[in-house]
Amino acid sequence: MKKIGKLAAVCLCVLAVLCACGKQGPAAGVDRFMQALTTMDIETLKTYDNELASAAQWSGDEENREILQTVFGKIKWETGEQRIEGEYARVELRITAMPMKQAFGEYEEHVKSNLQSYREKYQEMEEKQYKAAILEDKLVFLRAYEKTKTTSVWMDLVQKDGVWTASHCENLQQALLGE
């Protein structure tokens, strides 16, 4: 009896791993896109041949790239309902993201309420060092920021050479920015 229990436990573990790793179909295409986006994998994002490729341009300069990596790195997502019609599909995508406008507003309030200590801390710095210190302060604030907003959107996908690829997602930018 113990052997059957152990065998059943092993089978359940193997099944769980296979289910988690073996996601196929349109949801896998959504996951590939979101993984590239949340890790700011610019080269992968550039491979999309539609408006989703514009996400690669969001990175901008070094400061924006670091901020976006921090903000996008905190994004969580899950796929829901799938509708497949031939080589086209729609997948519900629930995105949980930091509400960026709110976060940056709270950061400004944080700076204003600590203005005197900021002046003392940064007054002797050269401009390059000052900018780096301010960026680091902003990144620390954003990493610690815990408020989120969950938004549902529908992502359209197309199947090319047997691989589902994200092709369009209305309101994606608003969802990613927690709006």
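Here is a walk through the fold, from the overall layout to a few individual residues.

First, some housekeeping: this is a predicted model, so local features need pLDDT of at least 70 and side-chain atom pairs count only at pLDDT 80 or more, while totals for chains, interfaces and linings use all residues. Residues are numbered from 1 along each chain as its sequence is written, and side-chain values use heavy atoms, with hydrogens and water left out.

The protein chain has eight helices and four strands. Both kinds of element are DSSP runs numbered from the N terminus, with helices being H or I of at least four residues and strands being E of at least two. Reading from the N terminus, the order is α-α-α-α-β-β-α-α-α-β-β-α. Of the 179 residues in the protein chain, 35% are buried. Buried here means under 20% relative accessible area, exposed means over 50%, and partly exposed is in between, all with a 1.4 Å probe and protein chains only. As for contacts (heavy atoms within 4.5 Å), take those in the protein chain with a separation of 6 or more: residues 24 or more positions apart account for 68% of them.

Now for the sheet. Four strands make up an open sheet, ordered S1-S2-S3-S4, with antiparallel pairing. Strands count as paired if DSSP finds at least two bridges between them. At the edges sit S1 (76-85) and S4 (163-169), each of which pairs on one side only. From one strand to the next, the twist averages 30°. Angles like this run from 0 to 180 degrees between N-to-C directions, using axes that are lines fitted to C-alpha atoms (for helices, over the stretch in contact).

S1 and S2 are joined by eight bridges in the antiparallel sense, and in that pairing Ile84 stands opposite Ala89 of S2. The two strands form a hairpin with two residues between them, where Gly86 takes a positive phi near 65°. On to the next pair: S2 (residues 88-97) and S3 (residues 149-160) run antiparallel and are joined by ten bridges. One bridge partnership there is Val91 with Met155 in S3. Helix H2 (residues 26-38) lies across S1, S2, S3 and S4, at about 145° to S1.

While we're in S2, have a look at Glu92, which sits in that strand. Is this glutamate buried or exposed? At 18% relative accessibility, Glu92 counts as buried. Its side chain makes a polar contact of 3.2 Å with that of Arg94. That term covers a pair of N or O atoms within 3.5 Å; within protein, one must be able to donate a hydrogen and the other to accept it, and residues adjacent in sequence count only if both atoms are side-chain atoms. Leaving aside residues up to four places away in sequence, Glu92 touches Glu78, Thr79, Gly80, Glu81, Ser152, Val153 and Trp154.

Next, the helices. H5 (residues 100-113) has 14 residues and reaches 20 Å from its first C-alpha to its last, close to the 20 Å expected at 1.5 Å a residue. That expected span is 1.5 Å times one less than the number of residues. Which residues of H5 are buried? They are Met100, Ala103, Tyr107 and Val111. These four cover an arc of only 80° around the axis, so they fall on the same side of H5; the arc is that of the directions from the helix axis to the C-beta atoms. Turned away from that buried side is a face carrying the exposed residues Lys101, Lys112 and Ser113. The cover over the buried residues of H5 includes H4 (62-73), H6 (115-122) and H7 (127-144).

H4 has a buried set of its own: Ile67, Leu68, Thr70, Val71 and Phe72. What covers them includes H2, H5, H7 and H8 (172-176).

Two more residues round out this region. Lys138, in H7, is buried with a relative accessible area of 16%. Not counting residues up to four places away in sequence, Lys138 touches Glu63, Ile67, Phe104 and Tyr107. Gln102, in H5, is partly exposed, at 36% relative accessible area. With the same sequence neighbours left out, up to four places away, Gln102 touches Tyr145 and Lys147. The C-alpha atoms of Gln102 and Glu179 are separated by 9.2 Å, with the two residues 77 apart along the chain.
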